[in-house]
Amino acid sequence: MSKPIVATTSLAGCFGCHMSVLDIDDRILELIELVEFNKSPINDIKKFTKKCDIGLIEGGCANSENVHVLKDFREHCKILISLGECAIMGGLPAMRNGIPVRECLEEAYLNGLTVAGNTGKIIPNDPELPMLLDKVYPCHEVVKIDYFLPGCPPRADLIWDALVALITGDEMKLPYEVIKFD
Amino acid sequence: MKNTITKTIAKYHKDKTRLMDILIDTQEELGYIPKEAISQIAEDLHMSEVDVEQTISFYHFFSFQPTGKYSIYLNNSVVAVMMGRKEVASTFEQELGIKFGQVTADGLAGLFETSCIGMNDQEPAAIINNMVFTRLTPFRVKEIVRDIKEGKPVVDMFRASFGDGKNASELIRSVVSNNIRKIGPVLDPFYKPGEAIKKIIKMKPEEVIEEIKRSSIRGRGGAGFPTGLKWEFCRKIEADKKYIFCNADEGEPGTFKDRVILTELPRLIMEGMVVAGYAVGATEGILYIRFEYKYLERYLENILQKAREKNYLGKDIGGKKGFNFDIRIQFGAGAYVCGEESALIESAEGKRGEPRDRPPFPVRRGYFDMPTVVNNVETLCSAVKVILNGGEWYKSFGTTESTGTKLLSISGDCRFPGVYEVDWGFSINDMLEMVGAVNSEVQAVQVGGPSGALIGPNEFNRILGYEDLATGGSLIIFGKHRDLLTDVVLNFTEFFIEESCGSCSTCRIVPTILMKKLKKILNARGVAQDIEDMTEWGKILRASRCGLGQTAANPILSSIKNFRHLYEEKVQKNKTFDSGFDLNAAVLESCEATNRIPNI
Ligand SMILES: Cc1cc2nc3c(=O)[nH]c(=O)nc-3n(C[C@H](O)[C@H](O)[C@H](O)COP(=O)(O)O)c2cc1C
Ligand code: SF4
Ligand code: SF4
């Protein structure tokens, strides 16, 4: 049997979740024995070259580009996993959700204390730029998500255990330490 | 301003537990509660400013910003919408040139929404500067706005006749109608105040409780707790002071019977409180009335005063040495959850109306942590009749499990909306006939308000009673032409979201999630799984602290149970998943802000 294929991406996230993937340390060698990577910042493959089995999504959707990437992942991956707080709930970026988009933009480009040099008083609006969404959406509010791995970031062991369980088909062990809240 | 507030604070003896009254008066004087007022109140009462602010922010009728010389609160309940609220609302907006939530530039008028104001039998209705205006039409709205622009005081704005009964009396002068359609032992117009007091002072308190227990009467506020037992618990607890609360918060959409009792039989309520006070050994009673009924204040205060003069209240009542009991009125400030007994007590202590953890129940630790009996208006009124005629007599009405009579507040699609006193055990079919609703044209009846059940014709043979359809008395009838999901279920769900106090994460979050799912289905983006999800997720709410959260999913759950086809018709047949996400809509705001044409 050919190896399962994994793809990953970071939408409106901080890459911390990807760092946590790397945090599995030397098990990364074991991982590349177990799976093949396709589109992912880890190997810098920019476009899907084939159908994948597992997609790991870090971050929620803050702009139109995030939505397109997420939909692309849904089309190409059999199983999608929301990885971390931002993908599951919007996380830190979603703190803007209570503030109208216009105010956010004006604060960032016109009125903010650290704004300097924007003499033309321009809010960037080049057609090439992704369009901001009215709020930051968790991934499952945009496409179907199959699994959720909580944490900010989820611990490396949790990611590892989840991937192994998925690949081997074994049930995932969820001892008390993993599901307790504090 | 400083002087006004100083006077107000002095009026309430610088007592911070009277913060509600201080804020109500300040709001009325100034039209809002400005920053300086908050500082002054905090300083004079030795509280922190945030403590004052958190109470203000809790209640709908308190405001940090000016609400206009004329503050218009238009009710947005289900029945108001059914009776033409939309046109009334848009006429207000047009005539005043503002949208809801705004105040005119000259500060003359403010326009706001508000939850059910207890006028379901005469909708659409609005409150303007504490006066209630009922049966509004676009024409009437134009007249009102013209009067506002001329600066007429609200009391002079009535053109047509006043309401029936005491509504027309000198101290009320309101257009509200009672619409009493059927009377029984409680609404008996030949009631003579004071007879029950004369009777109990010849009895031992324990005997009074025995008589109440013999009647098997249960609470009329919704929960149906046996009244005799409640009084007995309270009686048996040793304490320096005990209190009787009469719960006239009446916030469940569709109920208005307590308003009618307050208007026509206030002495009966007060006598009921005195009887309860005697039975449990309480010396102080608090009549907690929802803000929406503030137009009754002068009238009720006057009646309390007269009762004191007749020695029905005060010291040595009826000449009985040591029988002391007096009543004060506490107004709320717009919060449905304050009807919950422990929230009611918190509110009367001057705080946010957030329910307490129970146990301990109020009979053990209530007002100021002292044993407190909380009873509904109707319960106390019925208790007086039990004392006058005996528990056995009372049991001759109703069924074995639900003794006595029940006041029903009936509204919606029927010829004779209003208040009806019937024996428990009355069937829905009989009720429909009684109120002039054509059975074949009725699609559904909401029994017990939003927290109750929405039932269809196949269940109209069910009866009202604790053993079958328990109800606080709200019955709303929906004709065949109504859109149950949009007009009823969505409206009720939004009501719970609006009125949640926010303490429990379940009640704060789940109803909103359910509402989004419902909206998705209404927007033709739902799938079959959404119906299952709502059914499952609704169960989570049972973990909430009070009845509001525990029943907040009922409109959705009971309509899925009894009107499942309405949901199934609307979900997509060819899809198993649809998040309902709309990219076009989601980018609109930012494109407008940046002057871009969306290119998706
Ligand atoms: C959200 C909520 C609102 C309530 N509103 C009222 C009300 O407006 N009037 C009332 O009498 N009881 C109301 N209740 C019930 C009270 O908590 C309490 O059970 C009742 O006042 C007790 O009086 P009773 O035994 O005479 O019925 C409400 C309960 C909840 C949970
Ligand atoms: S969940 Fe935490 S670590 Fe992951 S992207 Fe969000 S902020 Fe970064
Ligand atoms: S259930 Fe809702 S209203 Fe009741 S205490 Fe909890 S949050 Fe407040």
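Which residue of chain B has an N or O atom in its side chain 2.6 Å from an oxygen atom of ligand 1? The residue is B:T379. The structure is a predicted model, in which local features need pLDDT of at least 70, side-chain atom pairs count only at pLDDT 80 or more, and totals for chains, interfaces and linings use all residues. Residues are numbered from 1 along each chain as its sequence is written, chains are lettered from A and ligands numbered from 1 in the order in which they are written, and side-chain values use heavy atoms, with hydrogens and water left out.

The surroundings of ligand 1 comprise 19 residues, where a residue counts as near a molecule or strand if one of its heavy atoms lies within 4 Å of it. The closest of these are B:G221, B:E250, B:N375, B:N376 and B:T379. Besides B:T379, the side chain of B:N376 places a polar atom 2.7 Å from an oxygen atom of ligand 1. B:G251 approaches through its backbone, with an N or O atom 3.4 Å from an oxygen atom of the ligand. Such pairs are judged as polar contacts (a pair of N or O atoms within 3.5 Å; within protein, one must be able to donate a hydrogen and the other to accept it, and residues adjacent in sequence count only if both atoms are side-chain atoms).

Chain A contains seven helices and seven strands. These elements are DSSP runs, numbered from the N terminus (helices: H or I, at least four residues; strands: E, at least two). Their order along the sequence is β-α-α-β-β-β-α-β-α-α-β-β-α-α. The C-alpha trace of chain A spans about 60 × 40 × 30 Å along its principal axes.

Ligand 2 is surrounded by residues of chain A, including A:C14, A:C17, A:E58, A:C86, A:C152 and A:P153. Helices α1 (16-22) and α4 (85-89) of chain A each contribute at least two residues to this shell. The shell has five nonpolar, four polar and two charged residues; in this scheme Ala, Val, Leu, Ile, Met, Phe, Trp, Tyr, Cys and Pro are nonpolar, Asp, Glu, Lys and Arg are charged, and the others, Gly among them, are polar.

At the interface of the two chains, 25 residues of chain A are in contact (heavy atoms within 4.5 Å) with 18 residues of chain B. The buried area is about 1,700 Å², of which carbon and sulfur atoms give 62%; this quantity is the accessible area (1.4 Å probe) that two parts lose on being put together, summed over both. In chain A, the residues that lose the most area to chain B are A:R102, A:N125 and A:M131, together 30% of what that side buries. Nine residue pairs, both members at pLDDT 80 or more, are in polar contact between the chains. On the side of chain A that touches chain B, α3 (64-76), α5 (101-111) and β6 (132-137) each supply at least two residues. The largest share, five residues, comes from β6(A). By class, this side of chain A has 15 nonpolar, four polar and six charged residues.

How many salt bridges does the rule find across the interface of chain A and chain B? The number is zero, whereas the structure holds 53 over all chains. A salt bridge is a side-chain nitrogen of Lys or Arg within 4 Å of a carboxyl oxygen of Asp or Glu. One of them joins the side chains of B:K35 and B:E53 (3.4 Å, N to O). The pair links distant parts of the chain, with B:K35 in helix α3 (residues 35-45) and B:E53 in helix α4 (residues 49-58) of chain B, 18 residues apart.

Chain B also shows backbone features of note. Most residues other than glycine have a negative phi, and most peptide bonds are trans. The peptide bond from B:R358 to B:P359 is cis, with omega near -5 degrees, and a cis bond also joins B:P359 and B:P360, with omega about 0 degrees. B:P359 is located in the loop between α14 (341-348) and β10 (372-376) of chain B. B:N130, which is not a glycine, has a positive phi of about 70 degrees and lies in the loop between β4 (126-128) and β5 (131-133) of chain B.
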